[in-house]
Amino acid sequence: MTRFKHSGWWIPAIAAAALLVAACGGSTPGTTSKGTLTVGGFNFPESDILAQLYGQGLAHAGYDVKYKLDLGTRAVVVPALQSGQIDLYPGYAASELEYLNKGKGEASPDPVATTDKLNTYLKDIGAQALTPSAAFDGNAYAVTKANAAKYSLTKLSDLAPVASQLVFGAGPECKTYKYCLPGLMSVYGLHFKNTLTLDTDGPATRAACR
């Protein structure tokens, strides 16, 4: 059962597990360190935090770390990895797989199996997904406290009778991403009054919720 958060509007990409996607042979030898690595990130706060966590871990291990955060969606980040602008980025096993396979539905709840399948696609761009962490991530959808009380909303299915009266807002990938708006429509039958392309738990989304 998916719960609403009653403040904020947090919609990260759905994930089987958090993992690191790295370009093969991406480090540059240095004179006083193990090399220099550039860590990239998507354009939402959680990605920035994960990039910093991984980056600080690499720095502690002896690498010089640079950051290119808030790059954009996967349509920007994946080519940046492929072209060498970044050496690695923290990603989401299921989401990376479904992006690269163009939505074939090959992701599963098993993070190891999903990561193995993901690597069959990543090898074509000279990259590899490393061992996934035990962390689990998933979409969360928020409404204001006022609307939660007004419509007695506690779970996603409660939206079905009232969705046509509400405006849905999310990050730029949501309208076409199968685990976001298309999934809400097909699984829960949610058809909103209007949909807005905002950001992912950023200032535009928070302002629109007020």
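Is Glu-98 buried or exposed? In this predicted model, Glu-98 has a relative accessible area of 4% and is buried, because the cut-off for that class is under 20%. Its side chain is nevertheless paired, since a salt bridge is counted where a side-chain nitrogen of Lys or Arg lies within 4 Å of a carboxyl oxygen of Asp or Glu, and Glu-98 and Lys-178 meet in such a bridge at 3.9 Å, N to O. This pair links distant parts of the chain, with Glu-98 in helix α3 (residues 93–100) and Lys-178 in the loop between β8 and α6, 80 residues apart. Lys-178, for its part, counts as partly exposed, at 33% relative accessibility.

The loop between β8 and α6 also takes part in a second contact of this kind, which brings the reader to helix α2. The side chains of Arg-74 and Glu-173 form a salt bridge with an N to O distance of 3.1 Å. Because Arg-74 lies in helix α2 (residues 74–83) while Glu-173 is in the loop between β8 (167–170) and α6 (181–188), the pair ties together parts that are 99 residues apart in sequence. Arg-74 is buried, with a relative accessible area of 2%, whereas Glu-173 is partly exposed, with a relative accessible area of 26%.

A further salt bridge joins the side chains of Glu-106 and Lys-117, again at 3.9 Å from N to O. Here Glu-106 sits in the loop between α3 and α4 (111–122) and Lys-117 in helix α4 itself, with eleven residues of separation along the chain. Both members of this pair are partly exposed, Glu-106 at 27% relative accessibility and Lys-117 at 34%. Beyond the individual pairs, salt bridges that share partners join Arg-74, Glu-96 and Glu-173 into one network. The count for the model comes to five salt bridges. As general background, side chains of opposite charge can pair when their charged atoms come close.

The loop between α3 and α4 deserves a second look for its backbone. Lys-102 lies in this loop, and its phi is near 60°, a positive value in a residue other than glycine. Most residues other than glycine have a negative phi. Lys-102 counts as exposed, at 76% relative accessibility. A comparable backbone feature is found at Ser-152, which has a positive phi of about 55° although it is not a glycine. Ser-152 is placed in the loop between α5 (145–151) and β8, and with a relative accessible area of 54% it is exposed as well.

Following the chain onward from that loop leads to the strands β8 and β9. These two strands pair in the parallel sense over four bridges, and one residue pairing can be named, since the bridge partner of Val-167 in β9 is Asn-194. Together with α6, the strands β8 and β9 make a right-handed β-α-β unit.

The strands also border empty space inside the model. Rolling a probe the size of a water molecule over the atoms shows where empty space is left. The count here comes to two cavities of 30 Å³ or more, and the second largest cavity holds about 30 Å³ of space. Which residues line the second largest cavity? The lining is made up of Phe-168, Ala-170, Gly-171, Cys-174, Lys-175, Leu-181, Thr-195, Leu-196 and Thr-197. The elements that give two or more residues to this lining are β8 and β9 (194–197), and β9 supplies the largest share, with three residues. By class, the lining of the second largest cavity has five nonpolar, three polar and one charged residues.

The last stop on this path is Arg-210, found in the segment after α7 (203–209). Arg-210 is exposed, with a relative accessible area of 79%. The C-alpha atoms of Arg-210 and Thr-144 are separated by 8.1 Å, although the two residues are 66 residues apart along the chain.

Note on methods:
Residues numbered from 1 in each chain as written. Predicted model: local features only at pLDDT ≥ 70, side-chain atom pairs only at ≥ 80, totals over all residues. Heavy atoms only, no water. Buried < 20%, exposed > 50% of the residue type's maximum accessible area, 1.4 Å probe, protein only. 1 Å grid on protein atoms, 1.4 Å probe; cavity = no way out; pocket = protein on both sides within 12 Å on 5 of 7 lines; lining within 4 Å. Points joined across faces, edges and corners; volume = space filled by probe spheres on them. Nonpolar A, V, L, I, M, F, W, Y, C, P; charged D, E, K, R; others polar. Pairing = 2+ DSSP bridges. Right-handed = clockwise from strand over helix to strand, strands pointing away.
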